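Biologist: Could you take me through this model, one question at a time? I would like the cut-offs stated as the terms come up.

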Amino acid sequence: RPAGDSVLRSDLGLHPSPTRSLLSVFEEDAGTLTDYTNQLLQAMQRVYGAQNEMCLATQQLSKQLLGYEKQNFALGKGDEEVISTLHYFSKVVDELNVLHTELAKQLADTMVLPIIQFREKDLTEVSTLKDLFGLASNEHDLSMAKYSRLPKKKENEKVKTEVGKEVAAARRKQHLSSLQYYCALNALQYRKRMAMMEPMIGFAHGQINFFKKGAEMFSKRMDSFLSSVADMVQSIQVELEAEAEKMRVSQQELLSVDESVYTPDSDVAEPQINRNLIQKAGYLNLRNKTGLVTTTWERLYFFTQGGNLMCQPRGAVAGGLIQDLDNCSVMAVDCEDRRYCFQITTPNGKSGIILQAESRKENEEWICAINNISRQIYLTDNPEAVAIKLNQTALQAVTPITSFGKKQESPCPSQNLKNSEIENENEKIVPKATASIPEAEELIAPGTPIQFDIVLPATEFLDQNRGSRRTNPFGETEDESFPEAEDSLLQQMFIVRFLGSMAVKTDSTTEVIYEAMRQVLAARAIHNIFRMTESHLMVTSQSLRLIDPQTQVSRANFELTSVTQFAAHQENKRLVGFVIRVPESTGEESLSTYIFESNSEGEKICYAINLGKEIIEVQKDPEALAQLMLSIPLTNDGKYVLLNNQPDDNDGNPSEHRGAESEA
């Protein structure tokens, strides 16, 4: 029998205590049901929220799968199969997104909505009726209290009648509200059972429909596709395992090597140096000035790219330009008591950057690579072969051979040629070919020492035999010691680097210069001598002067009349040399050859020397001198500047009329 029957019959006031006890049980049950319903609704809303989030997630997943192709991976080679597979998966996810969206709508309508309606309708109704029953009970209690206070006198019958009617109305109202309340409590016992099952029926139906449609949509066509994808993943896994095995073997080999492999400069005694490099990369220390006298060193990654030296700081995506290497010079330097430093000098003679390598091998290879790049051989069709050819002479033995000189089919002009043989500035001046090429022993005595220092024997001899000139103990001479340059009709400046000098046996042929070039370069290669002293070579109509570019102090001076031969190498066009005939104290004459590397073509230096010697020949004849001056060419690369040989009319300072220096 329903519990509500007992509540309805007991409400007549016959058994108030059992009714109150049974009502409290119903009310407690309704309160528990309300709390549980709220928790159940939260759980169902969470399921619906997760399903709704699944819709948004699958939609975003589809977009991300399509976005793989647009990433432009730097190492994306071989990703074509992956891209096509991801495109197909994107379509599958879009179709799944439709199913998830439909499922979310079903869950909202059949699961969440019924439990919300149960809470808002049934539970709220019970709570409202409870409040009305409480108000009616309070009114009944007040009327009964008023009725209980009526006196016994008969004259109060009218009052008693009114109070009695009030009590009857309050009791009727309480009885009606209690009946409605009790009926709602009884009905709640049935409605809660339906309210608990209906949402789960909707949830189950929604999931079943989702899986059915998914199976119908994907079961047939997805089987073969997933099988092929699985095979592709398996093949990639096999490749990964093979690569991992190779890496494991490589790691074992690295762990088994000697510790000297990781030690910087481990082969300092006999490093294996590649002198034919046309590109180079690695870490170097860059010297930076932070103040007038303070410097810092920063370890950076450097690499060559064409004719440029690039630097890539840590964390940078790409490198930046540090130095243009075309026509630059490089030499080893001493810097702040650090080893393996070298300096790159710009074509105009300005000091460039100073770098430090970590080992002797790296230092020499960087110097060789930059030197090869500065010759612009990277622009040739086969730069590696050209680099080997240019460095071939340095790799030969010091034993004198004539192959180096026999290749010179078009030697540089000598002092015996007339200006009429010059067609234009860029054409080579071809003298009469010699009848035969002498042997190397006839040119240079075997075992002749080579001097790599800029302090030249000829300069020392001149210093010792000029009593009227002040001598510098370091072998250098001040500019005031050479006043003849001020009245010179020719003044041409070149940037050169001294390679070496040696005594020779003859000056009758330019072959002696080519043989000296070969021996100097070979000796530098064998003894790993890379340091070269840079100077400004001033060619005038009276002398050749070597000037320190920093202090403008003259390092050496050669009378132009003592220059008996001069020539430039025809393959390495920046090599140039000349022979000097100097009187000895014994009355005899000595011959020395000096070899230089120029920033410009050696032919231009030879042309300037030849022009100076011609000026000396015709200087006594004004007409011949004027004719010679008219034939001097002007070029875009450099201009030959004539100086006014008349005295200054203003203040006697000849520098006012001196022409500007030009660099070849």
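The questions and answers below go through the cores, a surface patch, a hairpin, salt bridges and some single residues.

Biologist: What kind of model is this, and what pLDDT do side-chain atom pairs need to count?

Modeller: Residues are numbered from 1 along each chain as its sequence is written, and side-chain values use heavy atoms, with hydrogens and water left out. This is a predicted model in which local features need pLDDT of at least 70, totals for chains, interfaces and linings use all residues, and side-chain atom pairs count only at pLDDT 80 or more.

Biologist: Which element gives the largest share of the largest nonpolar core?

Modeller: A nonpolar core is a set of buried Ala, Val, Leu, Ile, Met, Phe, Trp, Tyr and Cys residues joined through side-chain atoms within 4.5 Å; buried means under 20% relative accessible area, exposed over 50%, and partly exposed in between, with a 1.4 Å probe and protein chains only. The largest such core has 30 residues, and Leu23, Ile115 and Tyr181 are among those with the most contacts inside it. Helix 2 (16–67), helix 3 (80–148) and helix 4 (157–256) each give two or more residues to this core; helices (H or I, at least four residues) and strands (E, at least two) are DSSP runs numbered from the N terminus. The largest share, twelve residues, comes from helix 3.

Biologist: How many residues are in the second, separate core?

Modeller: Leu546, Ile580, Phe596 and Ile605 are included in this second core. The core is separate and has 23 residues.

Biologist: Where is proline 114, and which residues does it touch beyond four places in sequence?

Modeller: Proline 114 is found in helix 3 and counts as buried because its relative accessible area is 18%. Its C-alpha atom is separated by 9.8 Å from that of leucine 41, 73 residues apart along the chain. With contact meaning heavy atoms within 4.5 Å, and leaving out residues up to four places away, proline 114 touches Asp109, Glu198 and Pro199.

Biologist: Is valine 261 buried or exposed?

Modeller: Valine 261 is in the loop between helix 4 and strand 1 (281–289). Together with Leu254, Val257 and Tyr262, it makes a nonpolar surface patch of about 390 Å². Patches are made of residues with over 30% relative accessible area and no salt bridge, with like charges joined within 9 Å and nonpolar side chains (Val, Leu, Ile, Met, Phe, Trp, Tyr) within 5 Å; the areas come from the Shrake-Rupley method with a 1.4 Å probe, and for residues only the protein chains shown count as cover. Because its relative accessibility is 58%, valine 261 counts as exposed.

Biologist: Which residue in the turn between strand 5 and strand 6 has a positive phi?

Modeller: Strand 5 (residues 329–335) has six of its seven residues buried. Six bridges join it to strand 6 (residues 338–345), and the two run antiparallel; strands pair if DSSP finds at least two bridges between them. Alanine 332 stands opposite phenylalanine 342. The two strands form a hairpin with two residues between them, and the residue in the turn with a positive phi, about 55 degrees, is glutamate 336.

Biologist: Why does the salt bridge of lysine 192 and aspartate 29 tie together distant parts of the sequence, and how many residues apart are they?

Modeller: A salt bridge is a side-chain nitrogen of Lys or Arg within 4 Å of a carboxyl oxygen of Asp or Glu, and the whole structure has 22 of them. In this one the closest N and O atoms are 3.6 Å apart. Lysine 192 lies in helix 4 and aspartate 29 in helix 2, so the parts tied together are separated in sequence by 163 residues.

Biologist: Are glutamate 597 and arginine 497 buried or exposed?

Modeller: These two form a salt bridge, the closest N and O atoms being 3.3 Å apart. Glutamate 597 lies in strand 14 (residues 589–598) and arginine 497 in strand 8 (residues 491–503), so the pair ties together parts 100 residues apart in sequence. Glutamate 597 has a relative accessible area of 5% and is buried; arginine 497, at 1%, is also buried.

Biologist: Where is tyrosine 340, and is it buried or exposed?

Modeller: Phi of tyrosine 340 is near 55 degrees, a positive value in a residue other than glycine. Tyrosine 340 is in strand 6. At 15% relative accessibility, it counts as buried.
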